[in-house]
Amino acid sequence: MLRSLILTALALTCGACASPPDKMMTPVDVTADGATQVPILVATTRQAVPDNPGMMFSGERASKVSYATVTISIPPDAARTVGQVQWPASAPGNPQREFVTTAASYIDKVEFSSAIARATQAGPRRVLVFVHGFNNRFDEAVFRFAQIVHDSKSQAVPVLFTWPSRGEVALSAYTYDRESANYSRDALEQLLATLSRDPNVAEINIVAHSMGNWVTLEALRARSIEMAAVTNRDRSNKLKNALLVAPDIDVDVFRSEIQRMGPYRPRIELFVSRDDTALDVSKIIWGGIPRMGDVNVHEEPYRSALARDNIAVFDLTKLRTSGDNAHSRAFDDITDVMTMIEQRLPDEQRSASAQVKHR
């Protein structure tokens with residue numbers, strides 16, 4: 001009975017509204033009037049599978065970081081629902097009514113850096129990094145990020161950091177994913193360092209979901225320790241905001257990570273839902289310790305601790321609707337969430353997602 005409950009709840013952690021078909025990375029050769037093209041740069045610790053272009057990257061771990069560039073076509077607004085990814089019944093799909101890939105190719109690190117430089121020289125000097133959670137295939141992570149970028153009207157350069165998730169609902173896959181997250185933390189820290197060194201990049205913001213928060217906090221912790229050790233050098237931090245959505249992180253570990261970062265960290269914005277069933281089950285798996293993404297932030301000791309650490313808190317429980325997925329509510333109800341951000345933060349401290357709405 002317990003195993004069945006756990007598997008059911010783990011299934012809720014998938015970022016997509018429905019299971020995507022295979023070969024979704026196969027580009028289509030047609031376009032649709034009114035569709036929006038979302039270009040995404042990718043850095044990943046997944047294993048490349050060049051003999052399977054419809055997949056591009058598997059859920060296995062690679063010995064080094066790989067890079068890619070992908071463009072996703074999003075159908076006209078009249079043909080879709082904001083907050084959702086419309087998966088086709090079979091690949092590659094119809095761009096008039098479904099999300100499809102229009103371009104996908106592997107690149108090397110030099111080409112990746114050059115693409116960042118070109119994008120920030122030609123447009124916004126901000127970069128938005130997305131780190132997905134448990135149970136995400138490569139295509140799911142790419143398409144979800146494209147939806148976030150489009151629906152938030154972001155003007156930042158989108159960069160996906162994707163780590164080796166098996167994209168499966170099983171206890172063995174959950175533990176594999178967690179170890180893959182650990183495996184990938186140095187690679188994310190190096191990506192943030194690379195972006196920070198680019199003189200064309202003025203600001204970096206990061207959005208993490210679910211288990212991706214563990215990778216993110218570890219990378220931010222490493223960055224803060226490095227900055228604290230620097231002497232006789234500019235310590236200005238281009239990392240401005242870290243939006244932590246439904247973090248699947250032990251509350252005690254979360255507190256320790258934040259305290260260890262000290263002053264050399266971005267502004268932290270925490271998004272929680274007290275009805276997050278997936279995190280309830282994660283709590284069981286990890287010995288009954290609450291997960292940070294579903295605590296009651298209005299009660300002690302959380303309220304005082306979060307205020308002391310100057311963490312902006314957004315309780316998304318109030319956005320609950322019948323049958324919705326609390327674990328991905330921040331992305332499914334992205335318009336309402338952005339309104340909450342704007343109402344809570346003063347102009348000079350707005351997160352990137354709120355800033356771009358006024359451009």
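Helices here are DSSP runs of H or I with at least four residues, numbered from the N terminus. With that in hand, welcome to some close-up views of a predicted model.

**Figure 1. The whole chain sets the scene with 11 helices and 9 strands.** Of the 359 residues in the protein chain, 58% are buried. Among contacts with a separation of 6 or more, 79% join residues 24 or more positions apart.

**Figure 2. A nonpolar core of 49 residues is the largest in the model.** Look for Val 129, Val 131, Phe 161, Leu 188, Leu 191 and Phe 254, the residues with the most contacts inside this core. Helix H4, residues 171-197, supplies its largest share, 7 residues. Nonpolar side chains tend to be buried together in soluble globular proteins. Zoom in on Leu 191: leaving aside residues up to four places away in sequence, Leu 191 touches Ala 43, Phe 112, Val 129, Val 159 and Phe 161. A second core, separate from this one, has 43 residues, including Val 42, Phe 99, Leu 279 and Met 340.

**Figure 3. Helix H4 packs against helix H5 (residues 212-229).** Their axes are 8 Å apart and meet at an angle of about 45 degrees, so H4 is oblique to H5. The crossing of H4 past H5 is right-handed. From H4, the contact includes Arg 178, Ala 181, Leu 188 and Leu 192; among its partners from H5 are Trp 214, Val 215, Leu 220 and Arg 223. The residues of this contact comprise 9 nonpolar, 4 polar and 6 charged.

**Figure 4. Two peptide bonds that lead into prolines are cis.** One runs from Ala 91 to Pro 92, with omega near 5 degrees. You can find Pro 92 in the loop between strand S2 (56-74) and strand S3 (100-107). Another cis bond links Glu 300 to Pro 301, and its omega is also near 5 degrees. Pro 301 sits in the loop between helix H7 (277-285) and helix H8 (302-308).

**Figure 5. Lys 23 and Asn 135 have positive phi values although neither is a glycine.** For Lys 23, phi is about 65 degrees. This residue, Lys 23, belongs to the loop between helix H1 (2-11) and strand S1 (36-49). For Asn 135, phi is near 60 degrees, and Asn 135 is in the loop between strand S4 (126-131) and helix H3 (138-151). Which of the terms buried, partly exposed and exposed fits each residue? Lys 23 has 49% relative accessibility, so Lys 23 counts as partly exposed. Asn 135 counts as buried because its relative accessibility is 5%, and the cut-off for buried is under 20%.

Conventions
Residues numbered from 1 in each chain as written. Predicted model: local features only at pLDDT ≥ 70, side-chain atom pairs only at ≥ 80, totals over all residues. Heavy atoms only, no water. Core = buried A, V, L, I, M, F, W, Y, C linked by side-chain atoms within 4.5 Å. Buried < 20%, exposed > 50% of the residue type's maximum accessible area, 1.4 Å probe, protein only. Helix = DSSP H or I, 4+ residues; strand = E, 2+ residues; numbered from the N terminus. Contact = heavy atoms within 4.5 Å. Axes fitted to C-alpha atoms, helices over the stretch in contact; angles between N-to-C directions. Parallel < 35°, antiparallel > 145°, perpendicular 65-115°, else oblique. Left-handed = near helix turned anticlockwise from the far one by under 90°. Nonpolar A, V, L, I, M, F, W, Y, C, P; charged D, E, K, R; others polar.
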